[in-house]
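The exercises below are meant to be worked through with the sequence and the structure side by side. Try each task before reading its solution.

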Amino acid sequence: MTSTVDIHIEKTKKSRVSEHDINNVPFGKCFSDHMFVAEYSDGKWQKAYITPYADVPMSYAMSALHYGQAIFEGMKAYKNDKGEVSLFRPIENFKRMNKSAIRMAMPEIPEEIYMNGLMELIRLDSAWVPSSETGSLYIRPFLIATDEAIGVKISDTYKFVIITCPAGKYYSEPIKVLVETNFYRAVKGGVGFVKAAGNYGRSLYPTKLAQQKGYQQVIWTDSETQKYFEESGTMNVMFVIGDTLLTPGLSDTILDGVTRNSVLALAREWGMKVEERKVSIVEVFEAIDKGTLKEVFGCGTAATIAQIIGIGYNGKDYALPPVSERKFSTRVDDTLRNIRKGKVEDTLHWMMKVS
Ligand code: COI
């Protein structure tokens with residue numbers, strides 16, 4: 001899909017970057033100088049602009065607020081030792097955004113608008129990309145339905161927006177998760193495979209209950225049988241049992257994570273046995289008993305690799321092998337960081353330079 005929409009740029013009069021220690025900010029709370037906006041109405045993308053980051057006027061009747069016709073992406077930009085900025089696999093996020101748009105009956109975003117807006121924005125705000133070892137600029141593209149209308153219907157107007165924020169680690173420590181068998185993240189025929197805003201809203205109550213019991217996150221199970229693991233919190237989940245890397249296969253309840261895909265690609269490149277299929281609770285707990293479960297971790301854009309060191313199930317807590325013994329996920333975490341920070345050759349061509 002192509003588009004000829006020009007991007008009008010209004011730069012900030014005074015950058016706020018020196019007011020923040022961008023290598024040491026909490027995730028998702030400190031926003032960069034500019035934002036990108038594209039507007040859709042009358043069946044087409046009408047205008048695109050970059051302005052200083054600001055609150056915007058909106059109607060309380062805006063349909064995204066009431067019925068959740070809203071989708072988003074998460075991606076990151078990194079700075080290498082020479083100060084050059086690159087994006088990690090941005091095209092994958094662009095493609096997934098449009099998959100989400102189709103499922104939520106929203107207009108697809110032309111690649112030219114998405115990529116040109118993204119590149120211009122990151123170029124303008126490159127001073128906001130942290131240079132620290134574990135820092136990055138988290139990029140949040142999102143698409144919202146903006147009709148001022150309370151009837152339940154497909155909106156006629158939309159805004160596609162990109163905002164960014166410097167970010168460090170999402171989880172500062174390894175996490176403990178509770179196997180959740182009463183509430184579900186996703187159902188067959190639903191929207192679990194796309195990044196619909198409501199997927200995250202519905203997860204908050206079960207997560208709150210798990211946190212009250214001392215866990216940081218839940219590990220979701222399938223809604224039909226409660227026998228299979230699906231995802232953990234907002235991340236895909238992976239297990240190393242014996243010498244095999246296991247992860248739930250893609251379906252309409254599993255998000256096609258860019259980090260998930262990258263971890264699997266590295267594992268295959270390193271000659272590891274990889275299985276993408278249903279992973280049952282029984283086989284994981286049998287492996288814990290036999291001592292063959294070596295690693296459990298979540299993976300996602302915000303968290304990258306989040307080590308899971310404990311699992312609660314049916315009122316019992318199970319300790320998992322210490323992080324210091326986890327060879328595969330440690331190697332993956334180091335390799336991804338080194339590729340992103342330009343410290344090793346990017347043989348898989350994952351980085352896109354922002355010039
Ligand atoms: C991401 O990893 O980018 C996510 O979507 C998680 C987010 C909701 C913080």
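A polar contact is a pair of N or O atoms within 3.5 Å. The model in view is a predicted one.

**Exercise 1.** Determine which residues surround the ligand, and which of its polar contacts can be traced to Tyr-138, Thr-301 and Ala-302.

*Solution.* Begin with the shell, which is made up of Phe-72, Gly-74, Tyr-138, Arg-140, Tyr-170, Lys-195, Tyr-200, Thr-234, Gly-300, Thr-301 and Ala-302. Sorting these residues by class gives five nonpolar, four polar and two charged. Next, look at the oxygen atoms of the ligand: one is 2.5 Å from an N or O atom in the side chain of Tyr-138, while the backbone contributes a polar atom of Thr-301 at 3.2 Å from a ligand oxygen and an N or O atom of Ala-302 at 2.8 Å from a ligand oxygen. Finally, consider cover: of the 280 Å² of accessible area that the ligand has on its own, the protein covers 89%.

**Exercise 2.** Decide whether Glu-73 is buried or exposed, and find its side-chain partner.

*Solution.* Locate Glu-73 in the loop that runs between strand E4 (70-72) and strand E5 (75-79). Its relative accessibility is 0%, and therefore Glu-73 counts as buried. The side chain of Glu-73 makes a polar contact of 2.8 Å with that of Asn-93.

**Exercise 3.** Classify the accessibility of Ile-150 and place this residue in its surface patch.

*Solution.* Ile-150 sits in the loop between strand E7 (136-145) and strand E8 (158-167). Because its relative accessibility is 48%, Ile-150 counts as partly exposed. Together with Tyr-67 and Val-152, Ile-150 forms a nonpolar surface patch with about 320 Å² of accessible area.

Notes. Residues are numbered from 1 along each chain as its sequence is written. This is a predicted model: local features need pLDDT of at least 70, side-chain atom pairs count only at pLDDT 80 or more; totals for chains, interfaces and linings use all residues. Side-chain values use heavy atoms; hydrogens and water are left out. Patches are made of residues with over 30% relative accessible area and no salt bridge: like charges are joined within 9 Å, nonpolar side chains (Val, Leu, Ile, Met, Phe, Trp, Tyr) within 5 Å. Accessible areas come from the Shrake-Rupley method with a 1.4 Å probe; for residues, only the protein chains shown count as cover. A salt bridge is a side-chain nitrogen of Lys or Arg within 4 Å of a carboxyl oxygen of Asp or Glu. Helices (H or I, at least four residues) and strands (E, at least two) are DSSP runs, numbered from the N terminus. Buried means under 20% relative accessible area, exposed over 50%, partly exposed in between (1.4 Å probe, protein chains only). A residue is near a molecule or strand if one of its heavy atoms lies within 4 Å of it. A polar contact is a pair of N or O atoms within 3.5 Å; within protein, one must be able to donate a hydrogen and the other to accept it, and residues adjacent in sequence count only if both atoms are side-chain atoms. Ala, Val, Leu, Ile, Met, Phe, Trp, Tyr, Cys and Pro count as nonpolar, Asp, Glu, Lys and Arg as charged, and the others, Gly among them, as polar.
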